[in-house]
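Reader: I'd like to go through some labels on this one and hear the reasoning behind each. Can you show me what we're looking at?

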Amino acid sequence: MKKLAMAFLAGALFGLGLSIGGMTRPTVVLGFLDVAGHWQPQLAFLMAAAVPTAALTYRLAWRRQRPWCEATFRQPAARRIDAQLLAGAALFGIGWGIAGYCPGPALAALVVGGPALWVWLATMLAGWWLTDRLLGR
Amino acid sequence: MHTYDIVDALLGGVLIGAAAGLLMAGLGRIAGISGITGGLLSAAAGDRAWRVAFVLGLVAGPWLRVLAGGPSGIDPPLAGLPWMALAGALVGIGTRLANGCTSGHGVCGLARLSPRSLAATLVFIACGMATVAVLRHVAGWPS
């Protein structure tokens, strides 16, 4: 129960931050990506605050032997910078640039964003599922 | 871009970073939204409940602002339905191949000083910028 409450709280803080930071507004996201036009740097400030805050809180968390509600910390094991990583990041970037949504903001905006966001979420999960099948995962 | 936009962006960023820290301190997990959501499809049964709780929190987050008397901060999509469908599919395939999105690589990965995440972040930002440049300034999209 404590674990679920903490996951919910982390999600809520994350969603609140996305909303305050402007990530749930496609004009702001696409404005940041529009370097060839009227560039809006808002997202750069958001990243400049988010990364050091996460870096600091991670290091505070890692001072403990284990997380509050689990036996171990889980870190991604992958180290290699390979073609799959770069191709995936490229496809994701193109999709991000078309509509201005990455997964977090799309979910945070889901309830009031209209049917187009549900379609986005459905094809996102379908793409994920299909890739899993193709990779044999 | 006004001063209050910068203050909002910085405040939003601090909350996102703190949320990532809380998930690490509490559950020992990386706050990668594509991974947490995609795992709803494939994760073992015992690994699902916390993902559902996190996603419910994510959806509830903007409403904390509304309850406090503020705006939701949510604007409707600009792209039409077929483009939204294509964009979603590309994001799903891309984040699965790359094992992460803006949150997992761009925030959590950079905070862990992962070279892999730095490479992914540079590539997806560059490709996002190239896509917007083509759509707006070559194809002449109004949005």
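Reader: Why does A:Phe14 count as buried?

Author: Keep in mind that this is a predicted model. A:Phe14 has 3% relative accessibility, and buried means under 20%, so A:Phe14 gets that label.

Reader: What about B:Phe54, buried or exposed?

Author: B:Phe54 comes out at 0% relative accessibility. The cut-off is under 20%, so B:Phe54 is buried.

Reader: What makes the aromatic pair of A:Phe14 and B:Phe54 edge-to-face?

Author: Their ring centres are 6.3 Å apart, and rings pair if the centres lie within 6.5 Å. The planes are at 65°, and over 60 counts as edge-to-face. The pair also crosses between chains: A:Phe14 sits in helix H1 (residues 2-21) of chain A, and B:Phe54 in helix H3 (residues 49-67) of chain B.

Reader: And why is the pair of A:Tyr58 and A:Trp62 called tilted?

Author: The centres of A:Tyr58 and A:Trp62 are 5.3 Å apart, with the planes at 40°. Stacked needs under 30 degrees and edge-to-face over 60, so with 40° this pair is tilted.

Reader: How do you know which of the labels buried and partly exposed goes with A:Trp62?

Author: A:Trp62 has 26% relative accessibility. Buried stops at 20% and exposed starts over 50%, so A:Trp62 is partly exposed. Its partner A:Tyr58, at 0%, is buried.

Reader: On to the helices. Why is H5(B) called oblique to H6(B)?

Author: Helix H5 (residues 102-111) of chain B packs against helix H6 (residues 115-137) of chain B at about 135°, with the axes 9 Å apart. Roughly perpendicular covers 65 to 115 degrees and roughly antiparallel begins over 145, so H5(B) is oblique to H6(B). The crossing is left-handed. Among the residues in contact are B:His105 and B:Leu110 of H5(B), and B:Leu118 and B:Phe124 of H6(B). By class, that contact has 4 nonpolar, 7 polar and no charged residues.

Reader: Which residues form an aromatic cluster with B:Phe124?

Author: A:Phe92 and A:Trp96 join B:Phe124 in one cluster. A:Phe92 and A:Trp96 are among the residues of H4(A) that meet H6(B), where B:Phe124 is one of those in contact.

Reader: How do H4(A) and H6(B) cross?

Author: Helix H4 (residues 83-99) of chain A and H6(B) cross at roughly 40°, and their axes come within 7 Å. H4(A) passes H6(B) in a right-handed crossing. The contact residues divide into 16 nonpolar, 4 polar and 1 charged.

Definitions and conventions. Residues are numbered from 1 along each chain as its sequence is written. Chains are lettered from A and ligands numbered from 1 in the order in which they are written. This is a predicted model: local features need pLDDT of at least 70, side-chain atom pairs count only at pLDDT 80 or more; totals for chains, interfaces and linings use all residues. Side-chain values use heavy atoms; hydrogens and water are left out. Axes are lines fitted to C-alpha atoms, for helices over the stretch in contact, and angles run from 0 to 180 degrees between N-to-C directions. Helices (H or I, at least four residues) and strands (E, at least two) are DSSP runs, numbered from the N terminus. Angles under 35 degrees count as roughly parallel, over 145 as roughly antiparallel, 65 to 115 as roughly perpendicular and the rest as oblique. A crossing is left-handed if the near helix is turned anticlockwise from the far one by less than a right angle, and right-handed if clockwise. Contact means heavy atoms within 4.5 Å. Ala, Val, Leu, Ile, Met, Phe, Trp, Tyr, Cys and Pro count as nonpolar, Asp, Glu, Lys and Arg as charged, and the others, Gly among them, as polar. Rings of Phe, Tyr and Trp (its six-membered ring) pair if their centres lie within 6.5 Å; planes under 30 degrees apart count as stacked, over 60 as edge-to-face and the rest as tilted. Buried means under 20% relative accessible area, exposed over 50%, partly exposed in between (1.4 Å probe, protein chains only).
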